[in-house]
Amino acid sequence: MAPPFIISHQDSDSQMVERSDVFEIFPVKIGSYIFPHEHKTRLKHLCFDIFDKYKNNKEYSRQNANGRPLTHYFDQENLVSPLLDYPGFETFNSWIKRCSIDYINNTLGYECDNVVITSCWINDCSKGGSQPPHNHANSVISGTYFVNFTPEIHAPLTFSKPNIEGKPYLSIDRDAMIAAHIEPCDGTLLLWESHHRHGYDLNHGDKRISISFNVIPETLPGVYGFKLIKR
Ligand SMILES: [Fe+2]
């Protein structure tokens, strides 16, 4: 009969090894863009106007489902008037489309002539709020634009390291390796592929305001490709 495996917790060979190199391959690419100053100030005022107008209107605003001090505006399904059709959002709408096309073509290396913004909404997070790691289904790239963000007060956006798990697997504690955050400022737009998990930890100040959106290339190429036409 074969002897059982012996699991040892100690390595008796204390000699150092010489590492020749470390190759990081297939890095996660997060795009960053800055909205021109004159536009970002106008957009910030517009968002505050929307809060005043819609904060008590359940058709256009809702509290985050988990009881956190976080309000979402214009994220309801089947809105008669989506956020990007709101008067004053024209410049922002065309800018995030151009940024998305640039990111898809020049950072991800795909080919894309035009995009459809499938959803877009505003987030108003107060002190004590947070957003656990999540990703966005039914989308190719996602973005968050920071309308009102003060570093050291407002929680930065944190990305989780992609985790490919098979079953069964051996669990190795790698807390120190699994997340990295990006500190934006007012007017920063971050873009990433929608499957990446992201969120933020405890937010330390009121009015952490951001606009999030999902994007799909208008034409998906290939033998099973198709063209999207937004209603
Ligand atoms: Fe998100």
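How many helices and strands does the protein chain have? In this predicted model, the count comes to 2 helices and 13 strands, taken as DSSP runs numbered from the N terminus (helices H or I, at least four residues; strands E, at least two). Residue numbers start from 1 along each chain as its sequence is written. As the model is predicted, local features need pLDDT of at least 70 and side-chain atom pairs count only at pLDDT 80 or more, while totals for chains, interfaces and linings use all residues.

On overall dimensions, the C-alpha trace spans about 75 × 50 × 35 Å along its principal axes. The radius of gyration is 22 Å, against near 17 Å for a compact globule of 231 residues (taken over C-alpha atoms; the globule rule is 2.2 Å times the number of residues to the power 0.38).

Next come the sheets, where two strands pair if DSSP finds at least two bridges between them. One open sheet has 7 strands in the order S1-S9-S6-S11-S4-S3-S2, with antiparallel pairing. Strand S1 (31–34) and strand S2 (61–63) sit at its edges, each pairing on one side only. S2 pairs antiparallel with strand S3 (residues 70–73) over 3 bridges, and serine 61 has tyrosine 73 in S3 as its bridge partner. H1 lies across S2, S3, S4, S6 and S11, at about 90° to S6 (axes are lines fitted to C-alpha atoms, for helices over the stretch in contact, and angles run from 0 to 180 degrees between N-to-C directions). H2 packs on the sheet too, touching S1, S4, S6, S9 and S11, and its direction makes about 135° with that of S6. Contact here puts C-beta atoms, placed from the backbone, within 7 Å.

The other open sheet to mention has 4 strands, ordered S5-S10-S7-S8 and paired antiparallel. Strand S5 (131–134) and strand S8 (179–182) each have a single partner strand, so one side of each is left without a neighbour in the sheet. S5 is joined to strand S10 (residues 198–200) by 2 bridges, with glutamine 131 partnering tyrosine 200.

As for the interior, 26% of the 231 residues count as buried (20 or more other C-beta atoms within 10 Å of the residue's own). The largest nonpolar core holds 35 residues, of which Ile122, Ile141, Tyr145, Val147, Leu189 and Leu191 touch the most other members; such a core is a set of buried Ala, Val, Leu, Ile, Met, Phe, Trp, Tyr and Cys residues joined through C-beta atoms within 7 Å. H2 gives the most to this core, with 5 residues.

Note on methods. Buried ≥ 20, exposed ≤ 12 C-beta atoms within 10 Å, placed from the backbone. Contact = placed C-beta atoms within 7 Å.
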